[in-house]
Amino acid sequence: MVEIKINGKTVQANEGETILEVATREGIYIPSLCHHEAVAATGACRMCVVEAGKAGRKKKIVTACTFPVSAGVEVETSNDRVKMNQKLVLELLMSRAPQAKILDEIACRLDLEVPRRFEMANADECILCGLCVRVCDEVVGANAITFNSRGADTKVGGPLMESPEDCIGCAACVYVCPTDCIKMTETAEARTIVKWDRVLPMKKCAECGWPFMPNFQALQFRKMTEVPKEFFSLCPDCRKH
Amino acid sequence: MEHFNVFASKLVPGRELFSPGHKACQGCAPALAMRYLLKAAGPNTIIANATGCMEIISSAYPDIAWGVPWIHVAFENAAAVASGIEAGIKVLQRKGKLAPGKINVIAIGGDGGTFDIGLQALSGMLERGHEVLYLCYDNEAYMNTGIQRSSATPMFSSTTTSPAGKKIPGQATGKKDLAGIAAAHNVGYVATACTSYPFDFMAKVKTAFETPGSKLIHIFAPCPTGWRSAPNEIIKLGRLAVQTGIFPLYEYKGGQYHMSMELPFLKPIKSYMKSQGRYRHLSEEQIAMVQENVTARYEWLQKLAAASQEG
């Protein structure tokens with residue numbers, strides 16, 4: 001255990017924990033978008049900027065989700081320099097994703113007046129934080145989606161913006177997206193992940209006829225778990241344990 | 001919302017604010033409801049809990065399962081105490097004695113504490129428009145005192161105070177429509193949920209906190225002890241209750257009804273009733289009668305949702 005200071009308050013932390021983890025535990029608010037405890041932090045969205053450094057030395061602006069704490073680190077989460085940076089990050093994110101409600105909520109919670117100087121021609125709700133890409137790789141293991149193109153044209157989707165063939169339709173990306181820009185629709189016949197343009201026909205239970213999972217997902221799970229072929233012909237409620 | 005498969009569950013916050021080691025029965029679904037509630041609400045929460053199963057099992061002296069500020073109140077006044085907490089927070093923040101920021105206030109009651117005993121306090125809270133989420137976990141009888149019937153007990157269900165015998169086939173009246181009563185107060189947000197659909201429930205809790213005004217969530221929570229069913233079947237029973245149309249999931253927001261999931265067809269209610277001891281005495285005619293009521297009510301709700309979508 002080491003002692004660090006956040007906004008002048010001394011708190012206990014384990015060495016190697018990130019500032020964001022310590023602050024969340026202590027109830028100190030640091031806004032974040034691309035961070036999730038289940039996947040590796042990349043500091044892509046820059047929303048969690050704070051000022052950190054050893055006592056008596058010059059402090060730097062760092063991302064709280066990637067900065068490991070050590071003894072004697074002092075952190076400021078809402079001084080003027082941090083606020084100026086947060087404002088700029090929000091402004092840039094808002095010009096990329098003007099419809100994203102969560103950005104307005106963060107601005108409201110931080111009490112910031114965000115100017116709107118830039119406009120993007122191809123703006124949508126995606127802020128390119130890459131959380132869906134990391135989740136699809138690290139948690140799901142399907143690695144179906146990726147970043148396409150470069151610079152201002154960057155877009156998240158299947159390889160070459162085609163419908164991703166490896167997508168099992170688990171909807172983990174839909175659940176985890178911070179701006180809710182990945183939508184899913186479902187009927188008895190098919191599940192569609194709208195943003196990836198992926199349509200998966202549904203498997204129906206042989207006994208009760210209820211659609212319970214996409215065909216392709218059942219196929220992949222059978223490969224992963226080596227259960228017998230009949231296992232996924234029944235829905236979980238009709239399966240005999 | 002229905003089908004977040006397998007991997008989405010690994011992305012739910014891992015921190016447990018309703019800690020394990022409490023004294024609930026095996027296979028208790030209301031305890032699951034508490035877990036999901038706190039995962040969605042987060043640590044910045046104050047809870048007023050009416051007497052009931054969840055109070056008994058979580059707070060036997062000297063232990064407590066709650067990781068957030070929590071107060072046990074009498075059977076009838078969870079809503080009133082939560083109103084007071086909300087008003088108190090407002091005043092303290094205005095006077096500068098409490099840091100500004102949003103604090104979630106939740107009142108929790110069982111079906112007895114909500115449908116029967118706490119109804120007038122709940123009505124008062126909804127009418128005054130306090131910023132409180134009232135969560136009613138509905139296991140369809142007074143379970144912790146020994147399975148007495150409440151006004152949430154469904155028709156023909158056998159309980160210790162409505163036993164099935166030669167003359168009477170269990171509970172004689174149907175279930176009160178709590179979500180309907182709350183919606184009639186014209187509050188901000190009303191929803192029904194089920195413990196077998198955790199993502200749907202957690203999304204509803206989040207929507208509730210984003211909506212101004214009072215809100216109520218009625219969550220269906222199977223009780224294996226009181227329903228005389230196997231503890232490993234509760235998730236299946238919850239799913240069947242939704243899929244048969246016995247407990248339709250819907251939301252009421254801004255005067256509009258919205259069905260939470262489109263069911264491809266309604267499963268026959270016999271599949272739901274056959275594994276429960278409380279329905280063991282039912283004859284085919286009685287099942288057919290319940291089926292008719294359930295289908296009619298589901299179709300009525302669908303019409304209501306379609307009508308409010310049209311305008």
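**Exercise 1.** State which residue stands opposite Lys5(A), and place the two in their sheet.

*Solution.* In this predicted model, Lys5(A) stands opposite Glu74(A) in E5(A). The strands concerned are E1 (residues 2-6) and E5 (residues 73-76) of chain A, which run parallel and are joined by 2 bridges; strands are DSSP runs of E with at least two residues, helices are runs of H or I with at least four, and both are numbered from the N terminus. Two strands pair if DSSP finds at least two bridges between them. In the next step, the open sheet is found to consist of 5 strands of chain A in the order E2-E1-E5-E3-E4, with mixed pairing. Its edge strands, E2 and E4 (60-63) of chain A, each pair on one side only.

Residues are numbered from 1 along each chain as its sequence is written, while chains are lettered from A and ligands numbered from 1 in the order in which they are written. Because the model is predicted, local features need pLDDT of at least 70 and side-chain atom pairs count only at pLDDT 80 or more, whereas totals for chains, interfaces and linings use all residues.

**Exercise 2.** Decide whether Thr18(A) is buried or exposed, and find what it touches.

*Solution.* Thr18(A) lies in the loop of chain A between strand E2 (9-13) and helix H1 (19-26). A residue is buried if 20 or more other C-beta atoms, placed from the backbone, lie within 10 Å of its own, exposed if 12 or fewer do, and partly exposed in between. Thr18(A) counts as buried because it has 20 C-beta neighbours inside 10 Å. Contact requires that the C-beta atoms of two residues, placed from the backbone, lie within 7 Å; leaving out residues up to four places away in sequence, Thr18(A) touches Ala41(A), Ala64(A), Cys65(A), Thr66(A), Phe67(A) and Pro68(A). Of Thr18(A) and Cys65(A) it can be added that they are 47 residues apart in sequence, yet 5.8 Å apart in space from C-alpha to C-alpha.

**Exercise 3.** Describe how chain A meets chain B.

*Solution.* The contact takes 21 residues from chain A and 16 residues from chain B. On the side of chain A, helix H4 (131-140), helix H5 (172-176) and strand E11 (211-214) each supply at least two residues. Sorted by type, the residues of this side of chain A divide into 14 nonpolar, 3 polar and 4 charged, where Ala, Val, Leu, Ile, Met, Phe, Trp, Tyr, Cys and Pro count as nonpolar, Asp, Glu, Lys and Arg as charged, and the others, Gly among them, as polar.
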